[in-house]
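This report goes through one protein chain, from single residues to pockets and core. Keep the sequence and the structure in view while reading.

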Amino acid sequence: MKAMGEMEEGDAVFGSNAEVVKLDDKYRPRKPKYINRVHTSYEWNKYNQTHYDHENPPPKVVQGYKFNIFYPDLLDKATAPTCFIEKDGRSDETCIIRFQAGPPYEDIAFRIVNKEWDRSRKNGFQHTFDGGILHLYFNFKRNRYRR
């Protein structure tokens, strides 16, 4: 400070330790923030229609998922985050979906139901990365009974 002289009007301290700490904090490894939803509903197949009614409904079944994962401070904004489906060691009925974005974010994983996805836009599939937010919406295929 002595070498720079006295502070004059309009001068501000630049490069203080507080700013360095903020930059280090911004780029330290961390988990991203997320908002997830599970879509559950009744499945009115022939069995359930016979044995249940609207006053005594069947158990709810997972129909799909919605994932919104926030990546506001990505270092490489040109590459979009990706997701991978992995086998679950505990059960064949579930699998692990893992989201990977790169620095400074760590991978996050969720356990979901292991069913085939319906990838048509008409039925609600969406996989986009826009404005630092990864949107992944999907529903499961429905098995229709046919003779």
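## A buried asparagine

N48 has a relative accessible area of 11%, so this residue counts as buried, the limit being under 20%. The model in which N48 appears is a predicted one. N48 belongs to helix α2, which covers residues 46–51.

Which residues are in contact with N48, once its neighbours within four places in sequence are left aside? They are E43 and P58.

## An exposed asparagine

N143 is a contrasting case. Its relative accessibility is 75%, and because exposed means over 50%, N143 is classed as exposed. N143 sits in the segment that follows strand β8, and β8 spans residues 133–140.

N143 and N45 are 98 residues apart along the chain. In the folded model, their C-alpha atoms are separated by 9.4 Å. Both residues return below, in the description of the largest pocket.

## The chain as a whole

The chain contains two helices and eight strands. Read from the N terminus, the order of elements is α-β-α-β-β-β-β-β-β-β.

Of the 147 residues in the chain, 24% are buried. The accessible surface of the chain is about 11700 Å², and carbon and sulfur atoms account for 50% of that surface. Contacts can also be sorted by how far apart the two residues lie in sequence. Among contacts between residues at least 6 apart, 52% join residues that are at least 24 apart.

## The nonpolar core

How many residues does the largest nonpolar core have? The number is 19, and F67, F99 and F138 are the residues with the most contacts inside this core. Strands β2, β4 (94–100), β5 (108–113) and β8 each supply at least two residues of the core. Strand β8 gives the most, with four residues.

F67 can be looked at in more detail. Not counting residues up to four places away in sequence, F67 touches I35, N36, I97, F99, F110, I112, L134, H135, L136, Y137 and F138. Two residues in that list, F99 and F138, were named above with F67 for their contacts inside the core.

## The largest pocket

The largest pocket holds about 490 Å³ of space. This pocket is lined by 16 residues, and those closest to its centre are E43, N45, R142, N143 and R144. E43 was mentioned earlier as a contact of N48.

Which strand provides the largest share of the lining of the largest pocket? Strand β2, residues 61–70, does so with three residues. Sorted by class, the lining consists of six nonpolar, three polar and seven charged residues.

## The second largest pocket

The second largest pocket has about 170 Å³ of space. Its lining is made up of H39, Q63, D118, N123, N139, F140, K141 and R142. By class, one of these residues is nonpolar, four are polar and three are charged.

R142 appears in the lining of the second largest pocket, and R142 is also among the residues closest to the centre of the largest pocket.

## A cis peptide bond

One peptide bond deserves a separate entry. Is the bond from P103 to P104 cis or trans? This bond is cis, with omega near 0°. P104 is placed in the loop between β4 and β5, and both of these strands contribute to the largest nonpolar core.

How values were computed: Residues are numbered from 1 along each chain as its sequence is written. This is a predicted model: local features need pLDDT of at least 70, side-chain atom pairs count only at pLDDT 80 or more; totals for chains, interfaces and linings use all residues. Side-chain values use heavy atoms; hydrogens and water are left out. Buried means under 20% relative accessible area, exposed over 50%, partly exposed in between (1.4 Å probe, protein chains only). Contact means heavy atoms within 4.5 Å. Accessible areas come from the Shrake-Rupley method with a 1.4 Å probe; for residues, only the protein chains shown count as cover. On a 1 Å grid over the protein atoms alone, a cavity is a set of points where a 1.4 Å probe fits but cannot get out, and a pocket is an open set with protein on both sides within 12 Å along at least five of seven lines; lining residues have an atom within 4 Å of a point. Grid points are joined across faces, edges and corners, and a volume is the space filled by probe spheres set on the points. Ala, Val, Leu, Ile, Met, Phe, Trp, Tyr, Cys and Pro count as nonpolar, Asp, Glu, Lys and Arg as charged, and the others, Gly among them, as polar. A nonpolar core is a set of buried Ala, Val, Leu, Ile, Met, Phe, Trp, Tyr and Cys residues joined through side-chain atoms within 4.5 Å.
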